[in-house]
Amino acid sequence: MTFKILSLDGGGMRGVVSATILKQIEEILYKKKGKKLHEYFDLIAGTSTGSILAAGIACQKDAKSLIDLYKKEGKNIFLDSVRSERKWRLLSRLFRSRGLYPNQDKEPGLAEVLQKQLIYPGLGKSPTLEDIQHPSLLILAYDVLSRNTTWFANDGKYEKNGKEKWYYTLPLWKICTASASAPTFFPSVPLWHNELEEYLPHIDGGVAANNPTLAAIAHALSMRMADGTISKLNLQDIAALSIGTGSTTPPYKYPEIRNWGLLDWVKNLPNIFLNPGAENSERIAECILQKADIQNYLRLDFRLNYRFDIEENKLVKLKQRYNGYIFKETNEKKEISEDIDDPNTCNDLILATKCYINHGEVQWNVNGNNSNITVIEAIEKFIELH
């Protein structure tokens, strides 16, 4: 039986893109196999906003509830007052702590929203990793004290060296808050380590692995199974469905960046550091799993805006950026906001994602040859095979 991984990228408010794709997967999954997301996948891995989606599925939320989380709570995570303040402080005081969105216990913001949203059925509160028996979870956050990426996982209470996992009884909302605390947007989250008797400050896992697919594959090959034994899975036993939050990768030409100062780099840093790691993870995971079986890997993601066109065999920068999938459906050249902290762009992101589902294509192996099939066909084939 195939061990099925669901991997969910980071991307702030653009997590609603992933949630909308998940809704399509959920509908096909229930139609074909009568299962819900948390019943079908064996391991769900998430980074940053992807950790919130992963935790939500583990708490048995359906995709509509996950979409509503962004639509209804986005304004409580990314406050308008702070968005305005950030713009002005970027020009003056580097926005210091007051220019960051709140995420601490009892403050309005990310932590308060997740405490309210990540409730486990029958428990009445946010679970710990110990409370969740299925599916397996993997959430990534970066520890700036130890300078290590922490792999928060629920595959047993003890590490391989026999020590109890220091984070095993932390509430899930707090782990997700840490995983989603992107530098320059949120302050770090202190997580108490009993053995060290010290708080370990954690920030967004996206600084290490914004696309957690590769980490999820490695974890699946080495995790503890339900009976306590180490996994005996081989690559051929694993199938991974990886979902992005919309690709941005804005181009920066040398004349533009050569005179950048500190504020310019801070403003553009998230766009620069999030994508390379995610892209590398995608390429490596694709190479590894396709070596085992080309039909064991499916990546669903799309470019939010076209920036270039080809004219007379030359790459020409567009005067107006626009989403190609909305254009295919409506013939309208509509630009989609790529900000990760703008709750007002939710409906546009959902529209773009639905148009991608309707008109997008992915590569699939048919009789040993790669061919393009629709997104819906690819989801159907993945579920049918696994």
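Among contacts in the protein chain between residues at least 6 apart in sequence, 68% join residues at least 24 apart. That figure comes from a predicted model, and the chain in it runs to 386 residues, with buried residues making up 52% of them. As for secondary structure, the chain holds 14 helices and twelve strands. The paragraphs below go through some of the contacts one by one.

Salt bridges come up first. A search of the whole structure turns up 14 of them. One joins Asp42 to Lys4, with the closest N and O atoms 3.7 Å apart. Here the two partners come from distant parts of the chain: Asp42 sits in the loop between helix H2 (37-40) and strand S2 (43-47), while Lys4 belongs to strand S1 (residues 3-8), and 38 residues separate them. Are Asp42 and Lys4 buried or exposed? Both of them turn out to be buried.

Next up is the salt bridge between Lys32 and Glu384, where the closest N and O atoms are 2.9 Å apart. This pair also links distant parts of the chain, with Lys32 in helix H1 (residues 15-33) and Glu384 in helix H14 (residues 375-385), 352 residues apart. As for exposure, Lys32 has a relative accessible area of 39%, so it counts as partly exposed. Glu384 comes out at 48%, and so it is partly exposed too; the cut-off for calling a residue exposed is over 50%.

Glu130 and Lys157 make another salt bridge, their closest N and O atoms being 3.9 Å apart. Glu130 lies in the loop between helix H6 (110-117) and strand S3 (136-143), and Lys157 in the loop between strand S4 (148-153) and helix H7 (172-179), so this bridge ties together parts that are 27 residues apart in sequence. With 32% relative accessibility, Glu130 is partly exposed. Lys157, at a relative accessible area of 29%, is partly exposed as well. Salt bridges can also share partners, and in this way Asp9, Arg299 and Asp301 are joined into one network.

Now for a pair of helices. Two packed helices are described by the angle between their axes and the distance between the axes. For helix H4 (residues 63-77) and H6, the angle is about 145° and the axes are 8 Å apart. The two cross in a right-handed way. Which residues meet where H4 and H6 pack? On the H4 side they are Leu69, Glu73, Asn76 and Ile77, and on the H6 side Leu110, Val113, Lys116 and Gln117. Sorted by class, this contact has four nonpolar, two polar and two charged residues.

Aromatic rings are the next topic, and the structure holds 13 aromatic pairs. In one of them, the ring centres of Phe78 and Tyr101 are 5.0 Å apart and the planes stand at 85°, so the pair counts as edge-to-face; for that label the planes have to be over 60 degrees apart. Phe78 is in the loop between H4 and helix H5 (80-89), whereas Tyr101 is in the loop between H5 and H6, so the rings tie together parts that are 23 residues apart in sequence. Both Phe78 and Tyr101 are buried.

Phe152 and Tyr167 form an aromatic pair that is edge-to-face, with 5.0 Å from centre to centre and 70° between the planes. Again, distant parts of the chain are linked: Phe152 is in strand S4, Tyr167 is in the loop between S4 and H7, and they are 15 residues apart. Phe152 has a relative accessible area of 0%, so it is buried. Tyr167 has 3%, so it is buried too. Rings can also link up beyond a single pair, and Phe78, Tyr101 and Phe186 are connected into a cluster by their ring pairs.

One last stop is Ser18, which is found in helix H1. Why does Ser18 count as buried? Its relative accessibility is 0%, and buried means under 20%. Leaving aside residues up to four places away in sequence, Ser18 touches Leu53, Ile243, Gly244 and Thr245.

Conventions
Residues are numbered from 1 along each chain as its sequence is written. This is a predicted model: local features need pLDDT of at least 70, side-chain atom pairs count only at pLDDT 80 or more; totals for chains, interfaces and linings use all residues. Side-chain values use heavy atoms; hydrogens and water are left out. A salt bridge is a side-chain nitrogen of Lys or Arg within 4 Å of a carboxyl oxygen of Asp or Glu. Helices (H or I, at least four residues) and strands (E, at least two) are DSSP runs, numbered from the N terminus. Buried means under 20% relative accessible area, exposed over 50%, partly exposed in between (1.4 Å probe, protein chains only). Axes are lines fitted to C-alpha atoms, for helices over the stretch in contact, and angles run from 0 to 180 degrees between N-to-C directions. A crossing is left-handed if the near helix is turned anticlockwise from the far one by less than a right angle, and right-handed if clockwise. Contact means heavy atoms within 4.5 Å. Ala, Val, Leu, Ile, Met, Phe, Trp, Tyr, Cys and Pro count as nonpolar, Asp, Glu, Lys and Arg as charged, and the others, Gly among them, as polar. Rings of Phe, Tyr and Trp (its six-membered ring) pair if their centres lie within 6.5 Å; planes under 30 degrees apart count as stacked, over 60 as edge-to-face and the rest as tilted.
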